[in-house]
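Subject: Handing over the structure

Hi,

As promised, I am passing this structure on to you. Please have a look at it first, and then read on for my notes.

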Amino acid sequence: VRFAIATEYLLCEDAGAAGDAHLRREQLAKTLATLTRCYRDARDAPTEATDRSDSSGLPFPNEPEMLCYQLLLRLAPAFGSPCGASSLHFSRVLRGAPPGALQSEAIAFALKAKRAHDSGNAATFLRLIEAKECSYLRACCLHEHVNGARVHALRVASATWNKTDADLLTDVGIETLRLDARFVLDDESLNSRARVTAAAAAMARACGLAVDEAAGTAALRRSPFVAPSSTSGVARDAFRPRRERFVDAKAPTAKGGFFRWRALIEGKAGR
């Protein structure tokens with residue numbers, strides 16, 4: 001499960017792998033469902049679980065972690081639009097979980113992510129992924145919703161921001177779209193600031209919003225918001241899946257920068 005979650009994120013920019021993503025996710029969902037049944041069946045056979053508990057008091061200490069991934073991977077596809085099937089799945093998983101798992105930090109995190117996602121609170125959702133409580137694998141699970149959160153943030157901004165003023169694209173990129181984490185932004189790096197501005201302009205333009213890239217400004221209320229179409233080349237390029245620096249920064253690596261696969265798979269890092 002850990003390997004599958006990490007590789008799905010690491011392959012997000014690979015066009016060749018994108019076609020089979022739904023098949024991999026389907027197999028991952030089946031694996032997690034099978035694992036949940038294994039935990040349940042093992043609890044019904046106390047002699048098999050007697051010697052497996054740790055300081056948490058749970059017979060299977062990894063169960064809260066796996067339940068968390070199962071919940072995070074079943075968020076509704078559309079950001080800000082709670083899906084009945086998603087909520088039903090959440091309820092079903094939580095009903096079958098043992099009390100010790102329900103009281104865990106992992107389940108609390110999954111519920112916090114669902115609240116931010118379903119309520120359309122893009123700022124909270126993006127900051128939650130950046131927060132320390134969000135591990136590498138949790139961030140990998142939530143990564144597919146990052147662009148949806150950014151689109152929703154632009155939708156809200158276009159409806160609420162000052163109609164007459166033009167906002168700096170760099171500020172829009174940093175404060176609203178959280179793009180600085182992708183581009184390693186600092187005060188001395190004009191190149192990074194230019195990349196943030198260009199990315200913010202592309203995203204705003206893909207949503208039909210008024211942009212003056214030469215002046216580095218966006219007037220988000222001077223034109224109506226239009227949901228970016230998956231068939232539009234502009235939208236596909238602006239919102240294509242990309243690895244994010246705030247996710248990569250959480251990855252378990254050794255001093256030489258090599259990804260620590262064994263530590264990740266064994267649960268010693270990245271959880």
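Let me start with a question: at roughly what angle do the axes of helix α9 (residues 122-130) and α11 cross, and within what distance do they come? The answer is roughly 150°, with the two axes coming within 9 Å. Angles over 145 degrees count as roughly antiparallel, and α9 and α11 are therefore roughly antiparallel to each other. Their crossing is left-handed.

A second helix pair is worth a look as well. The axes of α1 and α3 lie 10 Å apart, and these helices pack at an angle of about 160°. By the cut-off of 145 degrees, α1 and α3 are therefore roughly antiparallel to each other too. Here again the crossing, that of α1 past α3, is left-handed.

Before going further, please keep in mind that this is a predicted model. The protein chain has a mean pLDDT of 87, and 92% of its residues reach 70 or more. Among the elements, helix α10 (residues 136-142) has the highest mean pLDDT, 97, while helix α4 (residues 46-49) has the lowest, 56.

Now to the pockets. The largest pocket holds about 1000 Å³ of space. Its lining is made up of 40 residues, and those nearest its centre are E144, H145, N147, F239 and P241. Two or more lining residues come from each of α1 (2-10), α3 (21-43), α10, α11 (146-160) and α15 (233-238). Of these, α11 gives the largest share, seven residues. So you will meet α11 twice: in the lining of this pocket and in the crossing with α9. As for the character of the lining, 21 of its residues are nonpolar, eight are polar and 11 are charged.

The second largest pocket holds about 460 Å³. This one is lined by 25 residues, with A29, Q70, L73, R74 and H89 nearest its centre. The elements that give two or more residues to this lining are α3 and α6 (84-96). Which element gives the most to the lining of the second largest pocket? That is α3, with nine residues. The lining here divides into 12 nonpolar, six polar and seven charged residues.

If you want one helix to follow through the model, try α3: α3 packs with α1, gives residues to the lining of the largest pocket, and gives the most to the lining of the second largest pocket.

Happy exploring, and do write back with any questions!

Best wishes

Note on methods. Residues are numbered from 1 along each chain as its sequence is written. This is a predicted model: local features need pLDDT of at least 70, side-chain atom pairs count only at pLDDT 80 or more; totals for chains, interfaces and linings use all residues. Side-chain values use heavy atoms; hydrogens and water are left out. pLDDT is the predictor's confidence in each residue, from 0 to 100. Helices (H or I, at least four residues) and strands (E, at least two) are DSSP runs, numbered from the N terminus. On a 1 Å grid over the protein atoms alone, a cavity is a set of points where a 1.4 Å probe fits but cannot get out, and a pocket is an open set with protein on both sides within 12 Å along at least five of seven lines; lining residues have an atom within 4 Å of a point. Grid points are joined across faces, edges and corners, and a volume is the space filled by probe spheres set on the points. Ala, Val, Leu, Ile, Met, Phe, Trp, Tyr, Cys and Pro count as nonpolar, Asp, Glu, Lys and Arg as charged, and the others, Gly among them, as polar. Axes are lines fitted to C-alpha atoms, for helices over the stretch in contact, and angles run from 0 to 180 degrees between N-to-C directions. Angles under 35 degrees count as roughly parallel, over 145 as roughly antiparallel, 65 to 115 as roughly perpendicular and the rest as oblique. A crossing is left-handed if the near helix is turned anticlockwise from the far one by less than a right angle, and right-handed if clockwise.
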